[in-house]
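Biologist: I would like to learn how to read a structure file of this kind. Please take me through some features, with the general idea before each case.

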Amino acid sequence: LPEARGAPLVLLYLLGLRALAQVSHRQLLNNPPGTVGPREFSAARAREYLDNITAIGPRTVGSPENEVVAVNYLLKQIRAIARESTDAHKISVDIQRPTGSFSIDFLGGFTSYYANITNVIVKLEPRNGAEHAVLSNCHFDSVPNTPGASDDAVSCAVMLEILNTLSKSSESLQHAVIFLFNGAEENILQASHGFITQHEWAKSIRAFINLEAAGVGGKELVFQTGPENPWLVQAYVVAAKHPFASVVAQEIFQSGIIPADTDFRIYRDFGNVPGIDLAFIENGYIYHTEYDTSDRILTDSIQRAGDNILAVLKYLATSEKLAKSFEYQHGNVVFFDILGLFVLAYPARIGTIMNYITAAIAFTYLSKKVLQSKTRAIHNLKKLLTAFGLTLTSWVCTLVAVLIVAVFVSLIGRALSWYTHFYVSVSLYGSAAAAKLILVHVLAKKFFYKNMSEQYLGDIFFDASLMIWSIALAVMTQMGLCSAFICTLWVAFPLLTKLMTYKEFSQKGATMKFIVMYMLGMFVPYLYILYLSWTVFEMFTPVMGRSGSEIPPDMVLAGFIVIFTMILSSYFINFIYLVKSTKTTLVTLTTVFVVTLILVCSGIFFPYSSDPANPKPKRVFLQHTSRRFHDLDGNVVKSDSGIWINGFDYNGISHITPYVPEVNDTIRTPCEKQAPFCGLPWILPVHFMFRLRFERKSYTCRIIPFARAQLCQWDLGDGTPVASLGGDYFVFYSHGLQAAPWHFWVELT
């Protein structure tokens, strides 16, 4: 098979699949909303709510904007909706201002205490009342310095319009729908805890839908469900008009890789209630920034979210299963959407059986291949294991080589060069990964497999890839990972393809017919993995701009690119042995890599962008700090003040000093080893994520030795102190507009 025929076809095939996967991500947002009738969700009305909420400005917990202005606006709209409600429904409204505390293992572990925060709660129920309820949750507070359009004003706007739509319907619901507009989520999930543990309506809740954001607009992704309760996923599958869901996202999120959490955790852990967690994931570059404005959220995104959530809430509020939700805890569920068109969902136990059967068939096929000639069985097994080992070796070599490039780029101060221009990461790390992978196999073909049949080598390396995926399938299934369905795709379809093209595979000089049949057989797994990769990179790339200054983002992204390169190359490795030469392909990939590396080293790719239409800003946290350190007798032994500067990404403040030269006068803050958290006033216990820098105004210091003590009990959370990373204890305290003095006790040994 000449390279001129093989390699370009493979490249065009992958590019075509990539384009199709990208189109599928956009296709649902291009559907016009259509005519909106009196009972349908109106994106126009929801947008009006959104504009009015964001017009209030930043809504931090404890501020008048959050505790008074936003609350009054919500109450005004809710009362207007209640006045126009039909006689089929009864609407009740309550303002809750809870005080409480809890411990959580998020960000290394800490304890949260809140006082007099605000919840606005609405219950829509049948005229004669309802025993059971489904909860819909959003939060109207925001982080400082942002109008918080996507996080989470748009969700509250959607909920207001859903309340409006349901209340005007003449059809009575079987169960109540509780709408919680919570006013303290950004303070690490406090308001949801206050509601689910203290409010009288919480006892009736049997399921919930949590509306969140990790980006600005786009499609809302179902990224957490359960725990267990597969009937909830089935409800989403049946009811949602534009499904977008992934159990892969669920397992990634729950692994803790992404430094974030949602109210889903509170309802699950403290309320023992199953639910569905949805979030907008597009354009996370401006999440939690001043650019998160309502005009950046497409009306089609609002319409899509409203259609989905309204349909699912109506389904749950009329479902017989809601009243008996605790009887339907039948294990986990595997779920994933097919290009945004529909969702496949099935119980994990069924998936386990399917996975093991698929793996068994593959191992049976491989065994027959090895034993087809009993006299050469040992020889065949050695050849298969050699190809297996060589494939793994090529992957390890590729990963190491690309990570070395990523380390080099980070050390010379060019990290995140791809942050604004994602194609740079593909050109730099993707081309390096592909070139290294091909090079290892070219060398093996030239020196290790000299004078061996090309068809035999192509066949044996296909079997080696099949063996790798079969083992991965068995291991992931044994670990209980629902994401193992991906391995099933990468075992079942290639095996079917191999069986269908067996004659062509065996012929000397593979034909165009073989190439076409082979690519058609691989169409489904390759299309799905490209679709999935788009989702993963869309979520993770912006996160690298806010993951702290200790995590090298180039190594993380390079690792992801290598992993996807390994996956995509799995069943094309055999083409390296089938083609006559790969010289042109290697030269092209190497040229792309070298040119990109030179451009990256030159600094031509500035990481950030101030483009008004599509900003990708750098995040820097500036905190005016005054510190006083006391000894055990209460005497002040040290005091200082200044501006505490933290860059939110690996580049720190290196890109700022040329434009703000005064920052050059700052010093890197030494760690006060005898003080908790290095003696710095962290808002959250994220000290392990940042390098410290402090511009000091004044400074006095004396070191006072003190005895070690153990914290045994306190009256926070459940009474058991929870230590953070490093063994210190961190208590996060916040309050609403007004709060009584905070009294608490601790017991030390």
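Modeller: We will go through domains, one interface, salt bridges and one histidine. Keep in mind that this is a predicted model.

Biologist: Which domains does the domain assignment give?

Modeller: The assignment lists domain 1 (58-331), domain 2 (350-602) and domain 3 (618-699). The C-alpha centres of domain 1 and domain 3 are 36 Å apart. In their contact, domain 1 supplies 11 residues and domain 3 supplies 6 residues.

Biologist: How is the interface of domain 1 and domain 3 to be read, and how many salt bridges cross it?

Modeller: One looks at area, then at polar pairs, then at residue classes. The area buried between domain 1 and domain 3 is about 520 Å², and carbon and sulfur atoms give 70% of that. There are 0 salt bridges across this interface, while 2 residue pairs are in polar contact, both at pLDDT 80 or more. On the side of domain 1 that touches domain 3, the classes are 7 nonpolar, 4 polar and no charged residues.

Biologist: How many salt bridges are found in the whole structure?

Modeller: The search finds 13. The rule asks for a side-chain nitrogen of Lys or Arg within 4 Å of a carboxyl oxygen of Asp or Glu. Glu84 and Lys168 form one such pair, at 3.1 Å from N to O. Glu84 sits in the loop between helix 3 (64-83) and strand 1 (89-96), and Lys168 in the loop between helix 4 (149-167) and strand 6 (176-182), so the salt bridge ties together parts 84 residues apart in sequence. Lys168 is partly exposed, at 28% relative accessible area.

Biologist: Are Asp459 and Lys369 buried or exposed?

Modeller: Both Asp459 and Lys369 are buried. Their side chains meet in a salt bridge of 2.9 Å, N to O. Asp459 belongs to helix 14 (residues 454-478) and Lys369 to helix 11 (residues 348-370), so this pair links parts that are 90 residues apart in sequence. Shared partners join Lys369, Asp459, Asp463 and Lys498 into one network of salt bridges.

Biologist: What about Asp269 and Arg268, and how accessible are they?

Modeller: Their side chains form a salt bridge at 2.7 Å, N to O. Asp269 is partly exposed at 42% relative accessibility, and Arg268 is partly exposed at 24%.

Biologist: Why does His199 count as buried?

Modeller: The cut-off for buried is under 20% relative accessible area. His199 counts as buried because its relative accessibility is 7%. His199 lies in the loop between helix 5 (190-198) and strand 7 (205-213). Leaving out residues up to four places away in sequence, His199 touches Asp94, Gln96, Ile121 and Gly194.

Note on methods. Residues numbered from 1 in each chain as written. Heavy atoms only, no water. Domains from an automatic or database assignment. Contact = heavy atoms within 4.5 Å. Buried area = accessible area lost by both parts, 1.4 Å probe. Polar contact = N/O pair within 3.5 Å; in protein donor to acceptor, adjacent residues only side chain to side chain. Nonpolar A, V, L, I, M, F, W, Y, C, P; charged D, E, K, R; others polar. Helix = DSSP H or I, 4+ residues; strand = E, 2+ residues; numbered from the N terminus. Buried < 20%, exposed > 50% of the residue type's maximum accessible area, 1.4 Å probe, protein only.
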